[in-house]
Amino acid sequence: MAQHNESVLEDEICQALASAGWIYEPHRKSSELYDAERALIPEDVFGWLADTQPEELAKVIKPTDSLGEQQMARAIVLNRLCKVLDKPATKESGMLSVLRQGFKDVSAKFDMCQFKPATGLNPATEERYNKVRLRVLRQVYYSTANTNSIDLVLFVNGLPVATIELKTDFTQNISDAVEQYKKNRLPRNEKNADEPLLSFGRRALVHFAVSNDEIQMTTELKGKDTYFLPFNLGDNGSAGNPVNPNGSRTSYLWEQVLQRDSWLNIIGKFLHLNVDDKTDPVTGERKIRKSLLFPRYHQLDVVSQLINTARVEGPGHRYLIQHSAGSGKTNSIAWTAHQLSSLHNAADQKIFDSVIVVTDRTVLDTQLQDAIYQIEHKSGVVVPIRGDGGSKSAELTDALVARTPIIVVTIQTFPFALKAIAEAQALRGRNFAIIADEAHSSQTGSTANKLKKVLSSEELAAVNDGGEFDVEAFLAAEMAERADAKNISYFAFTATPKSKTLELFGRKGEDGLPQPFHLYSMQQAIEERFILDVLQNYTSYKVAYRLAHNGRDYDSEDSKVEKTEALKSLMKWVKLHPYNISQKVQVIVEHFRENVAWRLDGKAKAMVVTGSRKEAVRYKLAIDKYIHDSGYTGLGAMVAFSSEVVDLESGPEPFTELNMNPGLKGRTLPQAFSTDEYKIMLVANKFQTGFDQPLLVAMYVDKKLSGVTAVQTLSRLNRTAIGKDQTFVLDFVNDPAEILASFQPYYREATLEGVSDPNVVHDLQGKLDAAQIYLESEVDGLVDAYVREEGNNALSKWVSPAKSRFNTRHNEAVAGGDKAAQDELELFRKDLGSFVRAYDFLSQIVNYADTDLEKRAIYYRHLLPGLRTNDARVDLDLSEVTLAKYALKDNGSASLKLGGDGETLTPLTSPGTGQVKDPVLATWQEVIEQANLPFEGEDMPTVAHFMDGIRRELVKNPTLQVQARNNSRQHFSASPHLESAMIAAVTNAMESHQNLSLQVLSDKNKLKAVAALLIGTLYEELQR
């Protein structure tokens, strides 16, 4: 037979499985073994029962009976088994339940599988595990109604658990295998009778479509509506599989996944029957939907790697999992938590006493409890801390002391429970695994440090016994735990790790830089269609306006204002201007009606991202008015913001979510938004992250976004839904190039350009000590009072002298007109904050073994809030500024192409090295002219690209770097080298921007204008 035929591939796979311990008997036809009516292999069912449970088997098949009676008894047992298998899949019936919990027949209780025990302490269980029969059959004629055959069927103790349709890429491809399942492998045959093998949850748990290059899988066959998921390794961050020098790209299926331990572990600890009972947002009807969760490859891989590595390494390590949105992190976290909770090392010692899951996903604790009940058939393994019975702190302490395997807490609850945990002496010597969901630097710092303090043992034991403790020893131990917490392992799951998260949780690669322990990239998630590419339809709107300012003397001294603050205030004034908002509202509503509202059978929704709570209030009032005045219906809008907003120009009473959303009727905003009543949600710093609404199709952005915030905000659109094939972003504020640059680092793998310099805290300490604002004795006194919890007055006593010295010096400097002294004091105040932030972060990576640093961190945190400098800024009067001209210009829709690795993330290197910047004063006329200038160009994207190119060239200039770091902004701006460098940069841009370059080079005023626009950001960038 030709080698390229699929039958050859079939045989090669079967031979590989046989060599790994599977039963493969090519000399026997499948029809000799397979009972098509019952959809199982009787020989293996009874072989397993006879090998492992002969006493139970003898209860129903009596050895003393005749062969005929025994044959009849076997049929009764098989029929009983099939009856349990054929019930609708639940926790108590169906294939998964039978494999895990067995079945009963009269007085006998039969186990149908033995999964690998967590320890080797029970030889009998280990022996039973080794007797599990894994069999593969080829060309299985599965139906009693037709002659269809499936290429491969996999069995566990005679029960079919998986089917495989093979296609060799020499003749067909993966699509042919998928189509074969959809068209010819139907769960009901032509006689309208169920096919047990193919019926959901009753026999085969998963169906694989396999070619030489790709694998797809499904857990439910539904004809043409069958939904297949990729089950591929990923190829260097993209979809598919890498080249295999030793054979087919998909050989990992039979060489790894179907290996005995791996396959039984998947069935025993991964597969999960999910019952979803909710109102469907698309149809509006209540639906109870059952689905069988089989891990996607990256989920199987990350959990397996984490468990295997933690088993070898033990507690005290950190793992960063960078998995994109759409990766199924909730399931990955649940599987990881469950398997960590029962993990034992090679010496059969339990590694973690408890697993603490820190998450705001309310569904996670329910899902964990349900999944673990299905696997272990017992309750109490998962305890969510809700405070239902009283104090959350007491509830958490009780759970830890009781060695509850898995404890689920929210991010908000966790810090408040730490003190209660610290008081439990029973935690001495315990080890903990902490799973942080969407870990960012906000979950590290002081909160993480407190956790380590809580879960330590020796110092706590001394205190709990009523003894005194040495402050120096306490601080030294605190720092040692920060740098290397031996009893805590962190498992941090995130889609968008910041530079601090990478350094704190990442592991050093071959280049010495930290990197994720495991990666599932945004690129792969998009290519595998688990999420949508939200940058495909990105439309930028240019806001064109002209301001006027009447009735003021531009040349008078009192018309001088601080330029930066004036520009900010002007921009804020324009954004809140009623005409500005009304024009944008018109664009939003009409775009939504024409392009979005009809999608998803009229269920599509949109989000409007505003820049402030006051903007959100005004947008809501304006959008309601526009919809009403236009006579539109079915476009309900809601607004989301925290607390209350006082806006006397819009109404006399404070605005709240409740009074601005009168239709909530006791529902939460997400619950109400999921109904047909609401189509548009306006938000102000709320629901921009962690909000999962698949029906969101459009986003209208009127807020400056960059970096992680841009990715997380726009990613609210990327959730998939039936019929959702594209999304829309209309952006009134941001530069498309900047948005693209924000996404780029996370498209594949977040990387750092270097690592943080741990010596920056020493440099800052020296700088702060030299200022002589505080005394060493005051630092020691406060820290002693702080550690001994002597109270507010005791702390105040030790910071008061430094506050007094600071204020005295500042008042003298102001009275004497000593600007340099004022600047030094302002810089001292900023350096205190820089030290605290740097130390909180770096002390979790580096063991400084220096109590001076720890003491100063505590002292500075208490001193900093008490230091104030007078704000010398001039109050800005905007009462006579008017909006003379206004227009919204559609810059066109574009597909922002993601690709490559993007820019690297910048680590912490030199905090506290900045200088106090002199405020730039200008007339209102100058400020307004500069505010108008960026909006006068006919082709703003081209101008922006041109300006950014010049800036990039100048930032690279080593001479400018030295000058910026050693001169004030004013002196730097006057540097003759700056002008020559700018001319050179403009000349270099000639090839791509000839027209603009010629304009600048031929007009000195334009050259000065370009310099004026760039100088602010350029000066700051050159100082980094």
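Which residues of helix 3 (residues 42-52) are buried? In this predicted model, they are Asp44, Val45, Phe46, Gly47, Trp48, Leu49 and Thr52. A general point helps in reading such a list: an α-helix has 3.6 residues a turn, so residues three or four places apart point the same way. The buried residues of helix 3 pack against helices and strands alike, namely helix 4 (54-60), helix 5 (67-86), helix 7 (123-130), strand 2 (108-110), strand 3 (134-141) and strand 5 (159-167). One residue of this buried set, Phe46, also has a charged partner, as Arg74 lies over the face of its ring at 5.7 Å from the ring centre.

With that starting point in place, the whole protein can be introduced. The secondary structure comes to 40 helices and 28 strands. Of the 1024 residues in the protein, 51% are buried. Contacts often span long stretches of sequence: among those between residues at least 6 apart, 75% join residues at least 24 apart.

Strand 5, one of the elements that the buried residues of helix 3 pack against, leads on to strand 6. The two strands run parallel and are joined by 6 bridges. Within this pairing, Ile164 has Phe208 of strand 6 as its bridge partner. Strand 6 (residues 206-211) has 6 of its 6 residues buried, so it is largely enclosed by the rest of the structure. Val206, Phe208 and Val210 point one way from the strand, while His207, Ala209 and Ser211 point the other way, and all are buried. This matches a general pattern, in which the side chains of a regular strand alternate between the two faces of the sheet.

Phe208 returns in the description of the nonpolar interior. The largest nonpolar core has 93 residues, and those with the most contacts inside it are Phe208, Phe231 and Trp263. Trp263 gives a good view of these surroundings. Leaving aside residues up to four places away in sequence, Trp263 touches Trp22, Leu134, Leu154, Val156, Val161, Ala162, Val206, Phe208, Val257, Leu258 and Phe294. Apart from this core lies another, of 39 residues, which includes Met522, Ile526, Leu669 and Phe673. In soluble globular proteins, nonpolar side chains tend to be buried together.

Aromatic rings offer another way through the model. A search of the whole structure finds 22 aromatic pairs. One of them joins Tyr252 and Tyr297 in an edge-to-face arrangement, with 5.3 Å from centre to centre and 65° between the planes. This pair links distant parts of the chain, since Tyr252 belongs to helix 9 (residues 252-257) and Tyr297 to helix 11 (residues 297-313), 45 residues apart. Both partners are buried, Tyr252 with a relative accessible area of 2% and Tyr297 with one of 9%. Elsewhere, Tyr774, Phe806, Phe828, Phe835, Tyr839, Tyr859 and Tyr860 form one aromatic cluster. A charge also sits over an aromatic ring at Tyr129, where the charged end of Arg260 is 5.7 Å from the ring centre.

Helix 11, which holds Tyr297, brings the description to a sheet. Here 7 strands form an open sheet with parallel pairing, in the order 13-14-12-15-16-11-19. Strand 13 (382-384) and strand 19 (518-520) stand at the edges with a single partner strand each, so one side of each is left without a neighbour in the sheet. From one strand to the next, the twist averages 15°. Helix 11 packs on this sheet, touching strand 11 (318-323), strand 16 (488-494) and strand 19, and its direction makes about 175° with that of strand 11. Inside the sheet, strand 12 (residues 354-358) and strand 15 (residues 432-437) run parallel and are joined by 5 bridges. In strand 15, Ile435 is the bridge partner of Val357.

Two loop residues complete the account. Most residues other than glycine have a negative phi. Asp348, however, has a positive phi of about 65° although it is not a glycine. Asp348 lies in the loop between helix 12 (329-341) and strand 12, and it counts as partly exposed at 24% relative accessibility. Ser643, also not a glycine, has a positive phi of about 55°. Its place is in the loop between strand 23 (637-640) and helix 25 (657-660), and Ser643 is exposed, with a relative accessible area of 60%.

Technical notes: Residues are numbered from 1 along each chain as its sequence is written. This is a predicted model: local features need pLDDT of at least 70, side-chain atom pairs count only at pLDDT 80 or more; totals for chains, interfaces and linings use all residues. Side-chain values use heavy atoms; hydrogens and water are left out. Rings of Phe, Tyr and Trp (its six-membered ring) pair if their centres lie within 6.5 Å; planes under 30 degrees apart count as stacked, over 60 as edge-to-face and the rest as tilted. Helices (H or I, at least four residues) and strands (E, at least two) are DSSP runs, numbered from the N terminus. Buried means under 20% relative accessible area, exposed over 50%, partly exposed in between (1.4 Å probe, protein chains only). A charge sits over a ring if NZ of Lys or CZ of Arg is within 6 Å of the ring centre and within 35 degrees of the ring normal. A nonpolar core is a set of buried Ala, Val, Leu, Ile, Met, Phe, Trp, Tyr and Cys residues joined through side-chain atoms within 4.5 Å. Contact means heavy atoms within 4.5 Å. Two strands pair if DSSP finds at least two bridges between them. Axes are lines fitted to C-alpha atoms, for helices over the stretch in contact, and angles run from 0 to 180 degrees between N-to-C directions.
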